[in-house]
Structures are given as structure tokens and as C-alpha cells.
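Biologist: I would be grateful for a close look at one part of this structure, described residue by residue.

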Amino acid sequence: MVSVGRHKNITLLTYSEVEEVSGFVGNFKVKVRKKARYIDADLCTGCGTCVEKCPWEKTPSDFNLGLENQKVIHFQFTQAVPRIPVIDTERCIYFENGKCGACQKFCPTEAIDFTQEDEYLDLDIGTIILATGFEVFDPSNSPQYGYGKLDNVITGMELERLLDTDGPTSGEVRLANGEKPERIGIIHCVGSRGDQHEYCSRVCCMYSLKLARLIREYLDVDVVEYYRDMRTFGKGYEEFYNRAVKEDVEFIRFERDGKYGKPQPYIEEENGKLKITTTDLFTGKTNEELVDMIVLSVGLEAQADHNEVAQIFGVSTGPNGFFLEKHPKLAPIETSTAGVYLAGACQSPKDIPDTVAQGSAAASAALALMDIGHVTMEPYTSYIDPEKCSGCQVCLRTCPYNAIEAISYNGRSVCKVNQALCKGCGACVAACPSQVASQSGFTGKQIMSEIFGILEPLFIRSE
């Protein structure tokens, strides 16, 4: 991140969002809103005095998943680039009633500026790479796990932050009563493979095994893994699983569809502990285990604003919200909009090695396109005869790629096809009431000639 921030050819726009994208490959017009930080980036040195002097610690930490509160003015996380704090204006006393202002008073460089406003940038862009990532499944949507209702039921990501020495507990893992757990259960496939989402999230098995090994190494407590299938598909992954087995991690395979009136696995409280009820996949018998803490291996899902982002950038989404590639095998990083590429888990759930590989591929494709300096057009694009166009704009409203625009021609309003955006679907040709729209390679004369060529032998034989 530091290398990116210092690179002379990279402009890093943090705390910003894209509001509008128009144009086409090589000529995108992008409108970006830089949100007001209320801190002058040129004056701020990242010393942290404002964070230290802020008296209000009532903002849940996003980076630590709400496991602790942070100051109203704070750094997003320790290694944030650039090292400039952010003010939570919804909870800041100054923005509520105009009082306080401690951060501004104590800032040694006078970088705090409460009059700062959002800034809008209009950028000329050649190619775009979407790498918007994913969200983790919220297990409170599956009540059988007791997440948010039972103490000591946490997610894998929350355990990850608790085990981190830079986390909210400096690496200490304790139960709600402050005691050290003696037995921890890890449940796979939470939110995946039929539990809310049909697909496999791919990363859950491996990060569950990683957490099991960390628990055994740092906490020295018993670990039980509840799994449906162990999907260790990557290079060296099966060996990693075998090491976990040798380190006395217990594995219990369960059946998802319970036969006893409750969804499986089912978690409830019993005598101060957590009871996990599962159905054994092989015997069909009910298995009940008592543990002190439960870790839910939650799956990956698309970002909540995936539809909005897809509309802005002109890409399609699948039934699960992930962005659709042009072709799953032949064009896995391209989208239906030329010049817009995909990288990472915004396209589908994937682990770090696959994400890095796809990111490199997307960067290479974008650089190659800009290096060539020209674009190869689709051979079957549509064309509208401006002399005969009535300007009814039926085709404009029909085009799924926004490739048609209304222009002025000889004092009349007519429609024109942007060849760079047209994908040759033919929707405008079929919709045109004046029959003045045609498609290259599929004109009415060509089609009739083909039909006549097919039927001509029949006419000859009948004679």
C-alpha cells in the first residue's frame, strides 16, 4: 500500500466514490466525489494528536468488526494509506451542536478544517478495473446458529481479529465471563451451499483449518471442526488439512438437512455452555456436543450495493449479485462493456492466490489495450440510416447497451448508433417501426438472399 501511495504514476483517491460513468472504451468520462475529511491532507502529518485529544469514544470500529469502540476522529486502521484520520460526522459533537472542536484546537499544524466540502472530479479514463471485493455473510440471518443472541458465538473474522496482537484484545481470547475457553467448535458452510446461498464460498474450509491450528498453537485448547465436505482444492491445501489432523483437531461430518425437526447444525445454551446438535452423515444418528465457544465459518457474498455499481459501470450481475464476466472460460476478466474488467471476489468467491492471479490478468488486459492504441470493433454492429430515420427513439429506449443516442441531422432529430458501444444484439433492428435500422451482415436483403438460396433447389425440382 505504501508503494502504491508513493508511485509517481498512481493517483490514489481514498475516501471517494464514483458517481457517474459515461462514454465508451478508451473514452470514459468518470465523475468522482471526494468526500470531505474536514482535514487538510497537505497540512496533516499523521501525528495522531487529534485522535489522542478527542474526548468522544463512541464509534464502533469497522476494522475490528465492532468488537471495540474508537474515537470519533480516527485512523481507519493502523496501516492506512494515506495516514490521514477520518471524522465520523454522524457522532461528532461539533457537527451535532457546533461545540467541542478539541481536535482542531490541539492540532499542531492546524490541519482540521470544518468548512471543507465534498469535491467533484471529472476524469478522462481509458480502461476501468472493478475490484470492489465482497461482504461476509451475516449469520444472524440463520437463527439456528444463535449469532447475536447467544454469548460466545462469533464469526471466523471476529476470531481472526481477537487472535491478532494488534486487535481489540491484543491477542487474548476470552469468553463473555472473562474465562479462557477449554473447547471451541468451528462450524463450516455458514451461509453457503444451501444455507441462504447455493454456491460454495471456496475459502471457508481453509480459513477454518487455519483458525483451528492457530487455536491449538496459541490457546492450547481442544478444537472440533463440524463440516459437510472438506474442500481443500488448492496447491498444498490437502497437506495443510493433514497437518491439522495430526495436531489433534477433531473432525465431525454432519448432514445439513436435519431429520429431527430442527435445521442442522442447531445451537442452544445448556448449563452455561453451548450445545451443538448435528446429524451424523454416515449413521444418521443425532450427535450432541458441549463447547465453550462457537466459531462460524461464514461464506462470502456480493456487496450490498452491487446493483447500483453494476448500473453505474454498465455491467451485468448474476443471480447471486456477483458481476458477470463476458465468458466464464474464454473471457473470465472481461465484461459486457468493453474496457471494463473484473478482478477478485467481486466476480465470484475466490481465495487470495486466485484473486492475485485475476488482478494481474485484468491489469495486463487493461495495459495491453491502452498500449495498442486502437480497439477492434464487433463485426455485426447496427446502423441507422439518418436520411430515413423518423426520430421516434424506439430503438434508443430498446438498446440494452445504451449504444444509441439522439442527434441533430439536417435540422431533424434522428438516432445514431455508437459503434464502440454496440454489441450487435439486433434489438434496435427488430424494434424499429420504420425499418431503417439494419445490422452488418444481417441486412434484410442478405437474409432474403440466404432464404432464397436455401429454397431455390426446391423450386428447381418442382419444375
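Modeller: The account below takes up one loop residue, Glu-325, and then turns to the nonpolar cores. This is a predicted model, in which local features need pLDDT of at least 70 and side-chain atom pairs count only at pLDDT 80 or more, while totals for chains, interfaces and linings use all residues. Residues are numbered from 1 along each chain as its sequence is written, and side-chain values use heavy atoms, with hydrogens and water left out.

Glu-325 is found in the loop between helix H8 (306–313) and strand S19 (340–342); helices (H or I, at least four residues) and strands (E, at least two) are DSSP runs, numbered from the N terminus. Glu-325 counts as buried because its relative accessibility is 18%, buried meaning under 20% relative accessible area, exposed over 50% and partly exposed in between (1.4 Å probe, protein chains only). Not counting residues up to four places away in sequence, Glu-325 touches Ala-331, Pro-332, Glu-334, Leu-342 and Gln-347, a contact being heavy atoms within 4.5 Å. With Gln-347, the Glu-325 side chain makes a side-chain polar contact at 2.8 Å; such a contact is a pair of N or O atoms within 3.5 Å, and within protein one must be able to donate a hydrogen and the other to accept it, residues adjacent in sequence counting only if both atoms are side-chain atoms. Between Glu-325 and Glu-289 there are 44 Å in space, C-alpha to C-alpha, and 36 residues in sequence.

As for the cores, the largest nonpolar one has 49 residues, a core being buried Ala, Val, Leu, Ile, Met, Phe, Trp, Tyr and Cys residues joined through side-chain atoms within 4.5 Å. Helix H6 (residues 204–219) supplies its largest share, nine residues.
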